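Biologist: I should like to understand how empty spaces inside a protein are recognised and named. Shall we take the structure below as our example?

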Amino acid sequence: MTTIAAPLTAWYAAHARDLPWRRPDCGAWGVLVSEFMLQQTPVTRVLRPWREWLDRWPAPESLAAAPVADAVRLWGTLGYPRRALWLHRTAARIVERHGGVVPRDVADLLELPGVGPYTARAIAVFAYGERHPVVDTNTRRVLARAVAGRSGPRAPSPHDLVAMEDVLPRDAAGAAIVNAAAMELGALVCVARAPRCGDCPLEDRCAWRAAGYPDTGDGRPRQARYEGSDRQARGAVLRVLRDAAGGTVPPARLAGAWPDIVQRDRAVASLLADGLAETTAGGLRLPG
């Protein structure tokens with residue numbers, strides 16, 4: 001093992017959270033659903049929706065047979081609701097092309113709607129034990145500090161995978177643990193603000209600590225403010241559509257979803273463009 005793999009593995013064995021998608025009986029579908037939900041969303045917000053989703057749709061076949069509107073409605077307030085559409089389309093693709101079995105090959109996973117390079121590798125590693133480097137925001141922060149001696153990561157780049165590959169043990173099982181351990185350390189200890197360096201298993205070999213904790217800046221792109229944004233307006237309109245008992249929301253009711261008319265119209269247009277809403281004779285509704 002490399003210099004940080006062994007302490008990461010030992011720390012993870014003692015401190016890893018008991019998350020349902022990490023359990024051996026979860027299955028590849030449960031792992032796939034978790035990876036969709038965890039995109040840009042904290043674990044604490046995902047736990048309940050993940051359980052509700054798997055209770056209702058325990059396999060790709062059950063989700064593929066359900067109306068799209070049900071998927072969007074159950075997605076609730078997780079944010080980035082296109083993920084619900086992608087999950088529904090992915091379930092249909094798995095049924096049509098893979099006999100209802102989540103594929104394990106990264107190339108096959110990349111052909112699923114909404115599955116990018118990170119998600120494909122994560123499913124292959126955490127569902128099937130394949131050996132690939134898996135790098136999320138937390139992992140990049142650990143690598144930046146422990147290996148590169150920086151206070152924060154630079155903008156994402158292909159070099160991130162190279163850096164993680166250098167850390168991984170050669171055996172697939174050990175590599176999967178180190179992938180998970182680096183994410184967990186970044187989420188619980190090597191956090192963005194006020195890292196708990198005294199509790200870190202890499203404290204005695206961290207390049208950032210050895211350099212005296214220099215402030216090297218953070219090269220990640222900043223997300224625009226949410227309050228008052230088009231994203232918030234879009235979420236407000238979608239909430240009204242989800243809560244509509246009769247399915248269709250008439251224009252008069254839709255007008256109360258967001259006070260800025262121009263911004264509300266942009267929100268409606270974007271929902272229609274993304275397939276998250278459709279027009280009817282009486283107004284707007286979730287996709288059928």
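Biologist: How much space lies in the largest cavity?

Modeller: About 130 Å³ of space lies in the largest cavity of this predicted model.

Biologist: Why is this space called a cavity?

Modeller: The space is called a cavity because a 1.4 Å probe fits there but cannot get out. A search of the whole structure finds one cavity of 30 Å³ or more.

Biologist: What makes a residue part of the lining of the largest cavity, and how many residues line the largest cavity?

Modeller: A lining residue has an atom within 4 Å of a point of the space. The largest cavity has 16 such residues, and R145, C190, C197, C200 and C206 lie nearest its centre. Two or more lining residues come from each of α9 (137-146) and α12 (207-210). With three residues, α9 gives the most to this lining.

Biologist: How do you know which classes the lining residues of the largest cavity belong to?

Modeller: Cys counts as nonpolar and Arg as charged, so C190 falls in the nonpolar class and R145 in the charged class. By class, this lining has twelve nonpolar, no polar and four charged residues.

Biologist: What makes a pocket unlike a cavity, and what is the volume of the second largest pocket?

Modeller: A pocket is an open set of points, whereas the probe cannot get out of a cavity. The second largest pocket has a volume of about 240 Å³. Its lining comprises 13 residues, with A144, A148, R154, H159 and D160 nearest the centre. Both α9 and α10 (159-167) give two or more residues to this lining. Seven of the lining residues are nonpolar, two are polar and four are charged.

Notes
Residues numbered from 1 in each chain as written. Predicted model: local features only at pLDDT ≥ 70, side-chain atom pairs only at ≥ 80, totals over all residues. Heavy atoms only, no water. 1 Å grid on protein atoms, 1.4 Å probe; cavity = no way out; pocket = protein on both sides within 12 Å on 5 of 7 lines; lining within 4 Å. Points joined across faces, edges and corners; volume = space filled by probe spheres on them. Helix = DSSP H or I, 4+ residues; strand = E, 2+ residues; numbered from the N terminus.
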